[in-house]
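User: I would like to go through the terms used for this structure one by one, and to hear on what grounds each of them is applied.

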Amino acid sequence: MLVLALDTATPTLVVGVADWSKHADTEVLAERAVPSGNRHAELLTPAITGVLDDAGLAMGDLDAVVTGLGPGPFTGLRVGVVTAAALADARALPVIGVCSLDAIGSGARTVVTNARRKEVYWAVYDADGARIDGPGVVRPEELDRPGPFVGDPAFGARLDATVTPAEVTTAGLLRAAGRQLADPSSAGPLLPLYLRRPDATPPTAIKAVSQS
C-alpha cells in the first residue's frame, strides 16, 4: 500500500511517501522535513509534489493518506487536515488521522513539544509504544510525568531532565496509523487536537464609530 503521510502540527512541516504492509516493515520512499514556521499553507503543496517526484510516483499511484491531527496551533493543523481530506476525496482514498505526538520517538517515553505560551504538549507511552496518558498541554515545571523524555530539547532545563531530540517522521505517522491502515473502515473522522482556543478570537462587541 503506497501511503502519503503529512504533518503540520509543529514548525517543521513533514511530508513523506512510504510503501506500507501489515506483514512487513514500512519502506519510506521519500521524505521532506521543511522548517516552515507559520508558512504551512505556502509550503505544503510544493512539499507533497516534491516527495512524489522524489519517489517517482504520481497522486494516482497512492492508496491512502495519513495526516497528523496535532496537538498544534489552529492554523497549521487546519492546513494539514484540510489538504489531506481534499486529496483523499479527489482520489476516493481512505484518509486516516493520528495524534502527531504518537509519531515522535518509540518505546517507553514521554514526548514533549513546543506549545508556545511557555507550555509544552505532552503524552506518555509504554514499552510497546502505546499511548497511556495524554495528550495534554501544561507548563513544563508542572509536568509530573516520568522520563525518558523525547521531543524538543529546549525544555530540558525547565523539566530538570534531558530531552532527547526527536521529531515527527513519516515512519512514525504510519506506525501510529497501522491499525487503521490494516482496516481503513475503522478510521474515525478527522478531528484536529487543538487542546486550547486559538490565539485570535473575534471581538465580543463592536465599538461604535463616532462621526463628526
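Analyst: What follows takes the terms in turn and sets each value against its definition. This is a predicted model, in which local features need pLDDT of at least 70 and side-chain atom pairs count only at pLDDT 80 or more, while totals for chains, interfaces and linings use all residues. Residues are numbered from 1 along each chain as its sequence is written, and side-chain values use heavy atoms, with hydrogens and water left out.

User: Why is the contact of Asp 102 and Arg 131 called a salt bridge?

Analyst: A salt bridge requires a side-chain nitrogen of Lys or Arg within 4 Å of a carboxyl oxygen of Asp or Glu. The side chains of Asp 102 and Arg 131 meet at 2.8 Å, N to O, and the pair therefore satisfies the definition. The structure holds five salt bridges.

User: What makes Asp 102 buried and Arg 131 partly exposed?

Analyst: Buried means under 20% relative accessible area, exposed over 50%, and partly exposed in between, with a 1.4 Å probe and protein chains only. Asp 102 has a relative accessible area of 15% and is therefore buried, whereas Arg 131, at 36%, counts as partly exposed.

User: Which parts does the pair of Asp 102 and Arg 131 tie together?

Analyst: Asp 102 lies in the loop between β5 and β6 and Arg 131 in strand β8 (residues 131-138), so the pair ties together parts that are 29 residues apart in sequence. The element names come from DSSP runs numbered from the N terminus, helices being H or I runs of at least four residues and strands E runs of at least two.

User: How do you know that Asp 133 forms a salt bridge with Arg 145, and where do the two residues lie?

Analyst: The closest N and O atoms of Asp 133 and Arg 145 are 2.7 Å apart, so the pair qualifies under the definition already given. Asp 133 lies in strand β8 and Arg 145 in the loop between β8 and β9 (149-151), so that this pair ties together parts twelve residues apart in sequence. Asp 133 is partly exposed with a relative accessible area of 30%, and Arg 145 is partly exposed at 31%.

User: What makes the set around Leu 181 a nonpolar core?

Analyst: A nonpolar core is a set of buried Ala, Val, Leu, Ile, Met, Phe, Trp, Tyr and Cys residues joined through side-chain atoms within 4.5 Å. The largest such core has 24 residues, and those with the most contacts inside it are Val 3, Val 66, Leu 101, Leu 173, Leu 174 and Leu 181. Among the elements that give two or more residues to this core are β1 (2-7), β4 (64-68) and α4 (170-176). Apart from it lies another core, of 21 residues, among them Leu 6, Leu 44, Ala 47 and Leu 57.

User: Which residues is Leu 181 in contact with?

Analyst: Contact means heavy atoms within 4.5 Å. Leaving aside its neighbours within four places in sequence, Leu 181 is in contact with Met 1, Val 3, Trp 20, Ala 64, Val 66, Ile 96 and Leu 174.

User: Why is Thr 170 called buried?

Analyst: Thr 170, which lies in helix α4, has a relative accessibility of 0% and therefore counts as buried. Residues up to four places away in sequence not being counted, Thr 170 touches Ala 5, Val 14, Val 15, Gly 16, Val 17, Ala 18, Val 28 and Glu 31.

User: What makes Ser 106 exposed?

Analyst: Ser 106 lies in the loop between β5 and β6, and its relative accessible area is 55%, so it is exposed.

User: Which residues meet where α1 and α2 are in contact, and how do they divide into nonpolar, polar and charged?

Analyst: His 40, Ala 41, Leu 44 and Ile 48 in α1 meet Gly 76, Val 79, Gly 80, Thr 83 and Leu 87 in α2. Ala, Val, Leu, Ile, Met, Phe, Trp, Tyr, Cys and Pro count as nonpolar, Asp, Glu, Lys and Arg as charged, and the others, Gly among them, as polar. The residues of this contact divide into five nonpolar, four polar and no charged.

User: What is the phi of Arg 116, and where does this residue lie?

Analyst: Arg 116 has a positive phi of about 65° although it is not a glycine, and its place is in strand β6. At 39% relative accessibility, Arg 116 counts as partly exposed.
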